[in-house]
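Trainee: Before we discuss how the chains meet, could you put the model in front of us?

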Amino acid sequence: MPTNQVYLLFSAVLIALGLAAFFLARVRASHLRAHGTTMVAQPDQYAWFSVLSTAGPALLVAALGAFVLLLLGADIPTLYLLGASLVVAVVGLLVGLSQVRPDFHARQAIEKVIRGVLAAAAMVSIVTTLGILISIVFEAVRFFQMQSFWEFVTGTTWAPGNSFLAAAGRADEGASAAQFGSVPLFAGTFLITLIAMLVAIPIGLMAAIYMAEFAPIRVRTLAKPVLEVLAGIPTVVYGFFAAITVAPIIVDVAGFFGLDASFNNALAPGIVMGIMIIPFISSLSDDVINAVPDSMREGSLALGMTKAETITSVVLPAAIPGIISASLLAVSRALGETMIVVMAAGMRPNLTANPLEDMTTVTVRIVAALTGDQEFESAETLSAFALGLVLFVVTLVLNMVSVIMIRRFREKYRSNDL
Amino acid sequence: MLNEQTVSRENEPGQPSMGPTLKPVQPSTQGKPVNTNEDAGHELSIRVRDLNLWYGANQALKNVNIDVYQHNVTALIGPSGCGKSTFLRCLNRMNDLIRSVKIEGLVEMDGRDVNDPRMDEIALRRRVGMVFQKPNPFPKSIYENIAYAPRMHDLVSRKAEQDELVEQALRDAGLWNEVKDKLAEPGTSLSGGQQQRLCIARAIAVKPDVILMDEPTSALDPISTATIEDLMDKLKQQFTIVTVTHNMQQAARVADYTAFFHLGELIEYNDTRMMFSNPHTKKAEDYITGRYG
Amino acid sequence: MSQSFDEITAQLKRRHRKTARLKWLSMGALALAATFLVVFISDMLVKGLPAFQQAQIQVEVTYSEQSQQMPPAAVNEDVRRLVSRGFLRTLPMRMRDNPDLMGTTRMEWVLADSAVDQYLKGHHTRLKDDQKSIVDDLLAKGQVELKFNTRFFTAGDSKMPELAGIASAAMGTVMTLIVTMLVCFPIGVMTAVYLEEFATDNWLTQVIEININNLAAVPSILFGLLGLAIYINFFGVPRSTPLVGGLTLALMTLPVIIIATRTALRSVPDTIRQAAFGVGCSRWQVVRDHVLPLSFPGILTGSIIGLAQAMGETAPLIIIGMVAFIPDVSASFSDAATVMPAQIFTWAGEPDRAFTEKTAGGILVLLVVLISLNATAVWMRKKFERRW
């Protein structure tokens with residue numbers, strides 16, 4: 001029998017058992033009640049409890065079996081597994097029916113099960129984080145078994161080119177040994193992030209100031225969706241824009257000033273990334289500025305301060321923790337941004353401070369390492385995980401600091417709308 | 001708004017009894033002013049005539065007429081929602097900050113209509129300071145909380161001058177001895193009562209003519225309240241004080257004149273002693289004796 | 001003692017100018033951001049709108065034994081290079097399917113080569129001058145024209161730009177997002193319900209909360225690493241498929257849905273819960289019968305926004321191989337597939353100018369869908385917004 005049909009049959013039987021449990025339990029409970037027995041729960045609740053006791057353990061058995069099957073490679077035929085699950089379902093059905101007793105608190109039992117299921121769902125996010133961490137750390141450790149950690153941190157040459165030969169046991173045939181010095185990658189990442197921040201923070205913050213302090217309501221209601229559209233544009237689209245439109249413009253402009261710019265210059269992805277992050281900064285800053293209590297503004301205005309003085313000397317200093325927090329989040333986004341740099345920045349690891357030259361970033365190298373034809377075991381592929389680990393740690397720290405700052409800000413002004 | 005103001009000013013000559021020598025009056029109910037102030041010779045600070053104010057369609061002030069005298073404490077009392085805070089905020093145009101507010105009538109200070117579009121509200125607020133219900137020190141040091149405004153107003157040119165001004169303001173506010181060793185600490189680190197005195201010091205540091213106080217003690221404990229009340233008594237030597245209070249005992253203790261507002265109308269404006277011993281109006285009497293409030 | 005109004009006002013001029021400057025500067029920043037959007041959209045329109053039109057050419061097609069063997073023989077030699085090779089390649093198949101065609105010769109509108117298409121659109125092409133003059137001739141006779149490009153919406157990817165379409169990528173996106181939503185909607189809503197309605201404030205709850213916040217800020221590419229290491233290498237989920245793509249995006253979208261759902265649940269006032277508890281409901285009954293129905297619009301709005309975000313995501317999908325070349329619309333969740341953003345990425349990397357146009361065209365389609373999704377969310381938020 002084809003596998004799909006087996007699954008279908010299994011589901012059908014399980015649903016049938018569940019329905020049977022529901023109706024049998026309800027009939028039984030109604031029957032008991034009709035005879036004048038006082039019961040602590042309602043027939044429907046007994047019915048649902050029976051359904052849960054039928055399907056729950058059965059699905060658990062099936063899931064566990066599948067897990068063991070996949071993980072430990074145990075050789076349990078699917079048919080047996082599903083059969084066992086159905087047997088458990090029948091047992092559960094009988095148990096459920098036997099629990100249709102006047103003194104059984106079916107409602108509490110259901111409540112407990114639901115609570116457990118919800119808690120299990122909540123654990124998924126933890127498992128996800130652990131999954132990311134474990135998968136990255138595990139492969140990164142394998143990378144550092146092959147390559148020196150010290151060289152990774154301090155080396156200034158990133159030349160993974162020949163590592164696939166090493167993986168194939170033919171290291172001697174390569175012209176030179178692969179080198180994994182990540183400094184140029186991080187330098188490129190930070191330079192592009194810096195350019196992005198130089199674009200995004202002033203424009204985003206100023207736009208937020210305008211929206212929060214000056215704009216008439218009509219402009220505000222119009223500008224918010226415009227910025228939201230800017231925020232909703234996929235990064236791959238920004239990448240295309242950076243590579244096809246912005247980069248040539250920069251080359252032309254640089255040429256006009258007699259400068260030589262690469263078509264993969266760092267300026268184009270940096271500027272476009274900045275544009276992408278403007279709405280992020282402006283909406284967070286807008287929230288923060290609005291959260292500064294009006295009593296601050298009134299206090300300043302009542303002293304005969306002008307609006308500009310009030311904003312620069314009172315409102316912004318009060319909002320600064322929130323603004324810094326937003327900027328840190330923005331930096332974390334820029335560091336991890338992938339598509340724009342993959343499409344518009346270069347592939348060549350290049351340690352330079354000249355934004356007109358091409359340079360590469362951490363995320364570009366991660367993508368390059370994992371989309372090539374290398375074997376998974378090669379040092380180049382594994383280097384992606386080492387880079388990913390650094391990226392994970394850095395963004396995590398930035399995010400943590402940002403959350404702590406915004407929490408302090410929130411406590412200070414007791415505003416809940418952040 | 002401009003037209004309406006012009007109209008109301010044109011109306012002025014038709015009301016000779018509302019002339020500049022007007023004493024505390026009991027307007028609207030009897031239509032003519034009643035001179036109740038024995039202690040004549042006070043100079044007029046702010047003159048208000050036929051002041052009406054709307055929040056959207058909701059009229060919050062109705063035909064308010066009042067004269068505020070220099071170097072006195074004038075208390076505004078009345079049940080909550082009676083318009084006393086709204087009225088106070090008309091005196092330094094803080095209502096400008098609220099959209100959809102409409103004001104008619106005359107608020108005159110130093111011979112100028114403060115609602116005149118040619119009047120710079122910043123200049124007005126420079127001369128009419130304000131202290132709020134909840135202490136609102138800036139997120140700066142104690143020193144900066146006070147030095148900030150005078151510096152912006154170019155009242156000080158040298159650091160030494162600034163130090164002196166800060167010290168003087170803190171001394172006037174009776175806070176100097178408590179904070180002189182921690183001027184660099186944030187203003188928010190002080191207790192509630194100290195914060196409120198800091199706000200008062202901040203207001204007097206710019207040397208205004210009038211200080212408006214909007215229930216300045218309602219968020220404070222009794223001891224801090226007493227300190228601030230003493231302070232008000234002292235400050236009226238230098239400044240004109242208009243204070244809103246929900247606490248009638250406070251009005252009786254600190255105010256020279258008391259105005260009773262009810263549902264947006266000024267019901268009675270009287271010498272404080274008269275107001276609390278022998279009010280002219282039934283409504284004021286009912287309020288003072290606790291029939292409602 | 002104090003200065004008069006006039007004295008003060010005179011001093012204020014400079015300070016008022018500062019306010020005006022700040023106002024204009026900040027307004028300029030907002031205008032600049034809006035300008036970026038306008039420039040960007042018009043750039044995409046200029047580049048992408050031509051993709052919705054494709055050159056077609058009217059030629060005489062001879063259906064004979066010879067053209068069955070050697071399809072180029074079916075059209076006249078001088079226009080042979082102007083006809084899409086894709087058309088010629090499918091000729092034998094068409095003849096097999098329609099035996100009636102055999103032995104006939106008919107004038108037909110057929111797909112032109114991409115070079116002709118680009119020439120008509122005024123771009124640089126590889127057409128030679130004599131070919132150009134032929135095209136000009138045909139154009140004058142009305143035998144070449146730009147027609148609406150239905151292929152773009154019905155065909156899969158192709159190495160020939162005139163044949164390439166977004167259908168397989170669109171289908172891949174739909175299937176991937178089905179998997180994503182099936183996984184992350186229930187889990188996300190359940191997590192939020194647990195955290196808002198059931199959980200007591202202990203360390204575990206706090207860990208979960210911090211963790212969700214962090215997960216929302218993890219760079220998306222790291223989810224790709226997770227997908228590659230755990231789903232593909234560990235569990236053996238097939239690479240490049242909507243299944244693994246959907247599962248990866250699900251984890252990424254999870255925090256969005258959790259946070260939106262929590263906000264929606266929190267906006268239901270406690271008085272409702274208290275009233276329900278007061279009539280003897282259990283906690284689950286309160287949630288199921290009162291809190292969830294009231295917060296459902298909010299949950300849906302958040303989910304739409306999460307969906308739109310997942311739809312535009314590319315980086316993690318590249319890592320798990322969803323940049324495959326997919327000429328045919330895939331039918332199963334475990335077949336290799338590509339998604340819209342990945343298709344855009346692939347086309348953007350093609351050197352042929354004609355693909356730039358396709359890329360921008362694909363971007364326009366994607367943007368229209370995304371903006372409509374977001375607009376729906378905004379509209380729903382407005383419509384169902386309730387002030388308690």
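The exchange below concerns the interface of chain C and chain A.

Mentor: This is a predicted model, in which local features need pLDDT of at least 70 and side-chain atom pairs count only at pLDDT 80 or more, while totals for chains, interfaces and linings use all residues. Residues are numbered from 1 along each chain as its sequence is written, and side-chain values use heavy atoms, with hydrogens and water left out.

Trainee: What pLDDT does chain C average?

Mentor: The pLDDT is the predictor's confidence in each residue, from 0 to 100. In chain C, 99% of the residues score at least 70, and the average is 88.

Trainee: How much area do chain C and chain A bury between them?

Mentor: Buried area is the accessible area (1.4 Å probe) that two parts lose on being put together, summed over both. Of the area buried here, 78% lies on carbon and sulfur atoms. In chain C, Leu22(C), Leu30(C) and Leu225(C) lose the most to chain A, together 9% of what that side buries. The total for chain C and chain A is about 6800 Å².

Trainee: Which side chains meet in a salt bridge across this interface?

Mentor: A salt bridge here is a side-chain nitrogen of Lys or Arg within 4 Å of a carboxyl oxygen of Asp or Glu. The rule finds one across the interface of chain C and chain A. At 2.6 Å, N to O, the partners are Glu309(A) and Arg15(C).

Terms used
Chains lettered and ligands numbered in written order.
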